[in-house]
Amino acid sequence: MKYSEIYLEDNYLKENFSEYLKKENLDSILKLKKENAKILDYPSIERFSKPIEEIPNIKTSLFDYSSSKSIIIGDRKEISFEDYKKIINGLKALIPWRIGPFEYFGVFIDSEWNSFIKYSIIKDYLDVKDKIVGDIGTNNGYFMFKLLNHNPSFIIGFDVLDRYFFYYYLNKKFIKLNNIKFELISVDNIDLFENFFDYLLFMGVLYHRRNPVDTVVKINKALKKGGRVLVESMVIDEYEESVFLFPESRFMKAINVWFIPSKKALINIFERNGFKLEEIIGVFPHSVNEQRNTPWVNTQSLRDFINPKDPTKTIEGYPLPKRMYALFRKKK
Ligand SMILES: C[S@@+](CC[C@H](N)C(=O)[O-])C[C@H]1O[C@@H](n2cnc3c(N)ncnc32)[C@H](O)[C@@H]1O
């Protein structure tokens, strides 16, 4: 079976949500999914799919998303040494593990980001009991699992690269994910989920957008009236005014960072586009405790992005950004 077919065979949108979505929107989403699924059949995915396919389906009784920093899936005692080796191989194929940590059958994955720090900052604001939640830029799904501590009725994670499907596919080998789904859909199309979500996580994505205003408008459209979005973004703390930094080329070595707001601009871009600020959760410096190189990451990390001559600047000489967290409500 092709991976596109595996991705498309889950019919939960039609089965559970057809009355929540306009018919033409649901049709467009299904058409878009079909189109986007094509990347799952490119030969290049074999680097993930082959080692993961070796791993048998082992339904585990250990799925713990609450008692530690890690998402813990599976107990080493449940599996043979042969399967353990296959699991390690599969996990290694998914390097770089950006967010986490995770623990699979006793294998601890120390991801680049210690995302428990982010979770600790946001957890008191995750008022999602019985709500439909979306996680935009879900990556490997760490925050979808942590959201389970807050009893949402349903979670959909959105991301755009083929590799993120395979983290989800791997997890499905071990645990049932009835109310957690992964979609290969960009935030560019989130507006097709018109008036659908009660709550959205939008963390670490805004500065990657070429057209951040359009993105905020689309997020607004995807929320029900009174729905909320929890936003986390890099901000340039030094700038008092409502301005965005537009890097000349790279920013902290990344080529895909386009607009970095000041704190005021982050509030403004949401408030000018249908939201009301509910709360500034906080503004925090980047820290090498939170983002660092580990054996589960094969790329450079924060330490390499800071200017060695002046740690208040990026390697390119821009002010070192901080990270701001804020909660906005869609206006009635
Ligand atoms: C910096 S990571 C943030 C991950 C996680 N949300 C967090 O806060 O730790 C940005 C994520 O957004 C995803 N992303 C980038 N462009 C996107 C888009 N157009 N739609 C949805 N996700 C996107 C990336 O693939 C990546 O997984």
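**Exercise 1. Determine how strand 7 and strand 10 are joined, and place them in their sheet.**

Solution. Strand 7 (residues 132–136) and strand 10 (residues 197–203) run parallel and are joined by four bridges. Strands are DSSP runs of E with at least two residues, helices are runs of H or I with at least four residues, and both are numbered from the N terminus. The model is a predicted one, in which local features need pLDDT of at least 70 and side-chain atom pairs count only at pLDDT 80 or more, while totals for chains, interfaces and linings use all residues. Residue numbers start from 1 along each chain as its sequence is written.

Next, take a single residue: I136 stands opposite F202 in strand 10.

Then consider the sheet. Seven strands form an open sheet of mixed pairing, in the order 9-8-7-10-11-15-14; two strands pair if DSSP finds at least two bridges between them. Strand 9 (180–183) and strand 14 (275–285) are the edge strands, each pairing on one side only. On average, neighbouring strands of this sheet are turned by 15 degrees against each other, direction ignored.

**Exercise 2. State which partners strand 15 has and how far strand 15 is enclosed.**

Solution. On one side, strand 11 (residues 223–235) runs antiparallel to strand 15, with eight bridges between them. Here L230 has L327 as its bridge partner in strand 15. Strand 14 also pairs with strand 15 in the antiparallel sense, over nine bridges, and I280 has A326 of strand 15 as its bridge partner.

For the enclosure, a residue is buried if 20 or more other C-beta atoms lie within 10 Å of its own, exposed if 12 or fewer, and partly exposed in between, with C-beta atoms placed from the backbone. Seven of the nine residues of strand 15 (residues 322–330) are buried, so strand 15 is largely enclosed by the rest of the structure.

**Exercise 3. Describe the four-stranded sheet and the helix that lies across two of its strands.**

Solution. The order in this open sheet is 1-2-4-5, with mixed pairing. Strand 1 (63–64) and strand 5 (107–109) are at the edges; each has a single partner strand, so one side of each has no neighbour in the sheet. Strand 2 and strand 4 run parallel and are joined by three bridges; I72 has E103 in strand 4 as its bridge partner.

Finally, helix 5 lies across strand 4 and strand 5 and runs at about 10 degrees to strand 5.

**Exercise 4. Characterise the packing of helix 4 against helix 8.**

Solution. Two packed helices are described by the angle between their axes and the distance between the axes. The axes of helix 4 (residues 46–53) and helix 8 (residues 162–174) come within 10 Å and cross at roughly 10 degrees. Axes are lines fitted to C-alpha atoms, for helices over the stretch in contact, and angles run from 0 to 180 degrees between N-to-C directions. Angles under 35 degrees count as roughly parallel, over 145 as roughly antiparallel, 65 to 115 as roughly perpendicular and the rest as oblique. Helix 4 and helix 8 are therefore roughly parallel.

The contact (C-beta atoms, placed from the backbone, within 7 Å) involves F48, S49 and I52 of helix 4, and R163, F166, Y169 and L170 of helix 8. By class, these are five nonpolar, one polar and one charged residues. Ala, Val, Leu, Ile, Met, Phe, Trp, Tyr, Cys and Pro count as nonpolar, Asp, Glu, Lys and Arg as charged, and the others, Gly among them, as polar.

The buried residues of helix 8 include F166 and L170. Their cover includes helix 1 (3–9), helix 4, strand 2 (71–73), helix 5 and strand 9.

**Exercise 5. Locate the cis peptide bonds and the residues with positive phi.**

Solution. Most residues other than glycine have a negative phi, and most peptide bonds are trans. A cis peptide bond joins I95 and P96, with omega about 10 degrees; P96 is in the loop between helix 5 (81–93) and strand 3 (99–100). Another cis bond runs from G100 to P101, with omega near 15 degrees, and P101 is in the loop between strand 3 and strand 4 (102–104).

M252 has a positive phi near 50 degrees, and K253 one of about 70 degrees. M252 lies in the loop between strand 12 (244–245) and strand 13 (260–261), as K253 does. M252 is buried, with 20 other C-beta atoms within 10 Å, whereas K253, with 13, is partly exposed.
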